[in-house]
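Please open the structure in the viewer and keep the sequence at hand. The tour below proposes a series of selections and states what is found at each.

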Amino acid sequence: MKTLILSSSLSPKSRSFLLCQAVNAALSGQSIQIDFVDLRDYDLAPVHRSKTADMERLTEKVKEADNIIIGMGVHCYSINDGLKIVLDTCFGDATNKFFGIVCAAGGEKSYLSTMHLTQICMNEWRMIQLPRVIYATGQDFVNDAIANPDLKERIGIFAKEFYTIGQKLLAE
Ligand SMILES: Cc1cc2nc3c(=O)[nH]c(=O)nc-3n(C[C@H](O)[C@H](O)[C@H](O)COP(=O)(O)O)c2cc1C
């Protein structure tokens, strides 16, 4: 199974990137081919500007993936800017793909913000979401590392379920 992990935050100190890395590690050892994208390494342009070579590359990666894990930061109770650009410009071939959401926020009260990503992926491309979201806040981290054992456990469950359901959907 080919899984694209898309860490979409452009923050140099991104916490959702750390979550994506942890999910990547939790998936290792499975028969899974992971393509890990750190969007900070990509040159992006908004939707009405010319698509960059990096965006063309990412469009191909989305097309080639069987399923996608999307890392996001919460911005104003919604998705972060880099992710919006990628959804608007590189997700044309994401139709029907299985996906999961990994989210970092400043506080506990923004947990429904991931629903915007759910709505976009379901309404635009009929994507199917793993019914479990990794949601973390600043309090879950110490010195740029995940410190909350409960969060670590949830990441393990998320990875296990994503792999199991991802495999089953491919077998259909
Ligand atoms: C422009 C902006 C808006 C934000 N809005 C929210 C918000 O509505 N709710 C919240 O809990 N955190 C908010 N935050 C905090 C981020 O969600 C938090 O810093 C998180 O770690 C971002 O993910 P990242 O570290 O992967 O970039 C905001 C941060 C920025 C820069």
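A residue counts as near a molecule if its C-beta atom, placed from the backbone, lies within 6 Å of it. The model on display is predicted.

**The ligand and its surroundings**

Select the ligand and the shell of 16 residues that surround it. The closest of these are Ser9, Ser16, Gly73, Gly106 and Ser110. Next, colour α1 (15-27) and β4 (98-105), the elements that give two or more residues to this shell. Helix α1 contributes the most, with three residues. Coloured by class, the shell shows nine polar, six nonpolar and one charged residues.

**A pair of helices**

Now select helix α2, residues 53-64, together with helix α3, residues 81-90. Their axes lie 10 Å apart and form an angle of about 75°. Angles of 65 to 115 degrees count as roughly perpendicular, and α2 and α3 are therefore roughly perpendicular to each other. To see the contact itself, display Met55, Leu58, Thr59 and Val62 on α2, and Val86, Thr89 and Cys90 on α3. Of the residues in this contact, five are nonpolar and two are polar, while none is charged.

**The whole protein**

Finally, return to the full view, coloured by secondary structure: the protein has five helices and eight strands. Followed along the sequence, they give the pattern β-α-β-α-β-α-β-α-β-β-β-β-α. The C-alpha trace spans about 40 × 35 × 25 Å along its principal axes. The radius of gyration is 15 Å, which agrees with the value near 16 Å for a compact globule with 172 residues. Buried residues make up 38% of the 172 residues.

Note on methods. Residues numbered from 1 in each chain as written. Predicted model: local features only at pLDDT ≥ 70, side-chain atom pairs only at ≥ 80, totals over all residues. Helix = DSSP H or I, 4+ residues; strand = E, 2+ residues; numbered from the N terminus. Nonpolar A, V, L, I, M, F, W, Y, C, P; charged D, E, K, R; others polar. Axes fitted to C-alpha atoms, helices over the stretch in contact; angles between N-to-C directions. Parallel < 35°, antiparallel > 145°, perpendicular 65-115°, else oblique. Contact = placed C-beta atoms within 7 Å. Rg over C-alpha atoms; globule rule 2.2 N^0.38 Å. Buried ≥ 20, exposed ≤ 12 C-beta atoms within 10 Å, placed from the backbone.
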